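Below is a report on one protein chain, organised by topic. Please keep the sequence and the coordinates at hand while reading.

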Amino acid sequence: MSHPPATRATKVGVTHEPNLLTVRAAAMSSMTTDSWARRVATWTWIVVALGVAARAALYACNRSITADESFLYSNVQLPLAETFKSMRAMQAAPLGFLLIERVAFLALGGSEYALRLFPFVAGIVSLVWFRSAALRLLAPTTALMAVAVVAFSDDAILYASDFKQYSSDLCIASALLFLVARLDDRLPSRAELVALALAGVLALFFSQPACFVLASIGVAIGADALRRRNWRALVGLTVVAGTWLVAFGGSYFVSSRMSDVAGLRSFWTHDFLPIPPRSLAEGFWIFDHTFSALRNPVGISPGEIGAIVFVVGAAGLLRTRRRVGLLATVPFTAALLASAFHFYPFTVRLLVFAIPSVVLGVAYGTETIVRWCGGVRLPSARAALRVAAVGILLWRPIVAVSRSVVAPGPSSVEWRPVMDEVAKAARPFETVFLSSSLEDNGGFDYYRQRSGLERRGVVFRGLPTVDRIRSDWKVDIDVDDAAPVHRAWFLFPCRSRREVNVTSPRSDDSPDEDVSRVRDIVATLDRMGTRVASCSSHGVEAACFEFRSQRPPWVD
């Protein structure tokens, strides 16, 4: 009796052992994937380290306090009770930020380093949190691109050494993304819902735009629970959202009582979405501001291409990973809708909080376009398209971080070197004349207080016009050397130390109207007195003149 060949003999219900080669290939593929993921995770730490270095370089540069920082300082130096009652100079900031900065002021003083310490720490922590969130929400290569954009974002670097709340807004947004990323694709447990509720309340205490990120979390998890018909999770999330809403209402009420809401809305009037548009320019408002937001603060240039890449990424995420897609799109969209109701201006520094969420969409969009390039037949063309896609995403951030590390830029007016020199050389009861364009710069108020000149009797006055100096100032040019000497300091504007030197004009300068007016004053002072000292920095220059007369020429 012959038996059929083994290759043809099969019995129903008999399972065959998997092919050894198939098992080995699957194991090797899994090991390769894990190895690649670990390698990318290491590279993300390198990118984070470069981002920290860029922020540290700008922080160590110790730029002079800007006008906006000076206005906030005028509130932080006051007792908390007075600050919480009414904020000066049309400022608005979350309560938690003001509390920490007040503690830093009392413990460390009012130096630039002390005031900017909390934003600097927040900027570093935001990188760590966003790295962890990106690695959980995106594929390894896509996460690496996302971390690079946030690490090298020009505005994220700038505001990490700026005495304003925008860096902590970014930190809070990254922390919230990290919390929801830890859930992966599952619904939160009861303990995790409690943690989300508490984290949301704390976030609203430290960051006003955190409400937009919380809205994206609520919508993303809520949509997932609804799709799975998990009513228990949906009810728990509703309670959490109610807790957030109560906390937001209390925070908004306190902030609106503290700030000049009408004045702030008037100041930001051009950054609210016009509904309905009443002109062609207002019709294009949404496009102009969206492209601008992709350039700054996100850091993708040109913004038009960044917007296209974001739309591609957002559409892909909403189709394949809806929760991540909602986390990427809702904060930006919610801020835009809030601007339509004049609740939140849609402009550069107030959108720093949206950098993490927008970058999720932009990075995924870049990865999608790179995959599309894989369909190009010519290998060289395929490689060129991939390099171009990634280059558009990263060229500006890389240039920004290089500039920040190699040559950190100054503030618009570098007050500190000039005011330090004036404070060192000025004598008691002398007069300092200040150009009106500089007097309006709030940074001067900070350095005037810090210099201690007023405690020594130094008087600050506005700089008179050249006609008034010529007609009213009385100087005895022909008096002997025994005549009394009267000294005065003059602070003038200049575009930069290299471009315009008003006390030593060059023929190749092309000054604006203000600098031309100052030069006329300097020429007149040179004829009336003697320049005995001068110093300059970016945006400001000081000169000391001596006049020989029986009395100070500026005294009536």
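The sections below cover the overall content, the strands, one arginine, the open and enclosed spaces, and two further residues.

## Overall content

The model is predicted, not experimental. The protein chain has 556 residues, of which 49% count as buried. Its secondary structure comes to 23 helices and five strands. Among contacts with a separation of 6 or more, 77% are between residues 24 or more positions apart.

## Strand pairing

Strand β3 covers residues 485-493, and eight of its nine residues are buried. On one pairing, β3 runs antiparallel to β5, with nine bridges joining the two. Within this pairing, Ala-488 has Phe-545 as its bridge partner, and Phe-490 stands opposite Ala-543. Strand β1 (residues 431-434) also pairs with β3, in the parallel sense and over four bridges. There, Val-432 stands opposite Trp-489.

Strand β5 (residues 540-548) is mostly covered as well, with seven of nine residues buried. Besides β3, strand β5 is joined to β4 (residues 530-537) by seven bridges, again in an antiparallel arrangement. Arg-531 stands opposite Phe-545 in this pairing; Phe-545 is also the partner of Ala-488 in β3. β4 and β5 form a hairpin with two residues between them, and Gly-539 in the turn has a positive phi of about 90°.

## Arg-487 in β3

Is Arg-487 buried or exposed? Arg-487 has a relative accessibility of 12%, and it counts as buried because this is under 20%. The residue lies in strand β3.

Which polar partners does the side chain of Arg-487 have? One is the side chain of Glu-430, in a polar contact at 2.7 Å. Another is the backbone oxygen of Ala-425, which lies 3.1 Å from a polar atom of the Arg-487 side chain. Leaving out residues up to four places away in sequence, Arg-487 touches Ala-425, Ala-426, Arg-427, Glu-430, Thr-431, Val-532, Cys-544, Phe-545, Glu-546 and Trp-554. Of these, Thr-431 belongs to β1, Val-532 to β4, and Cys-544, Phe-545 and Glu-546 to β5.

## The largest pocket

The largest pocket has a volume of about 1,100 Å³. Its lining consists of 43 residues, and those closest to the centre are Gln-208, Tyr-252, Phe-343, Tyr-344 and Pro-345. By class, the lining divides into 29 nonpolar, nine polar and five charged residues.

Which helix gives the largest share of this lining? It is α11, with eight residues. Helices that each supply at least two lining residues are α2 (67-76), α8 (166-181), α10 (210-228), α11 (231-258), α12 (261-267) and α16 (322-340).

## The enclosed cavity

How many cavities of 30 Å³ or more are there? The count comes to one, and the largest cavity has a volume of about 40 Å³. Its lining is made of Ala-173, Leu-177, Val-213, Ser-216, Leu-327, Pro-331, Phe-353, Pro-356 and Ser-357. Seven of these are nonpolar, two are polar and none is charged.

Helices α8, α10, α16 and α17 (355-373) each contribute at least two residues to the cavity lining. Of these helices, α8, α10 and α16 also each supply at least two residues to the lining of the largest pocket.

## Two partly exposed residues

Asp-68 is placed in helix α2, a helix that supplies at least two residues of the largest pocket's lining. Asp-68 counts as partly exposed because its relative accessibility is 22%, between the 20% and 50% cut-offs. Beyond its neighbours within four places in sequence, Asp-68 is in contact with Gln-91, Lys-164, Tyr-166 and Arg-349. The C-alpha atoms of Asp-68 and Gly-443 are separated by 7.7 Å, although the two residues are 375 apart along the chain.

Phe-284 sits in the loop between α13 (280-283) and α14 (285-298). With a relative accessibility of 43%, Phe-284 also counts as partly exposed. Its C-alpha atom is 10.0 Å from that of Pro-274, ten residues away along the chain.

Methods
Residues numbered from 1 in each chain as written. Predicted model: local features only at pLDDT ≥ 70, side-chain atom pairs only at ≥ 80, totals over all residues. Heavy atoms only, no water. 1 Å grid on protein atoms, 1.4 Å probe; cavity = no way out; pocket = protein on both sides within 12 Å on 5 of 7 lines; lining within 4 Å. Points joined across faces, edges and corners; volume = space filled by probe spheres on them. Nonpolar A, V, L, I, M, F, W, Y, C, P; charged D, E, K, R; others polar. Buried < 20%, exposed > 50% of the residue type's maximum accessible area, 1.4 Å probe, protein only. Polar contact = N/O pair within 3.5 Å; in protein donor to acceptor, adjacent residues only side chain to side chain. Contact = heavy atoms within 4.5 Å. Pairing = 2+ DSSP bridges.
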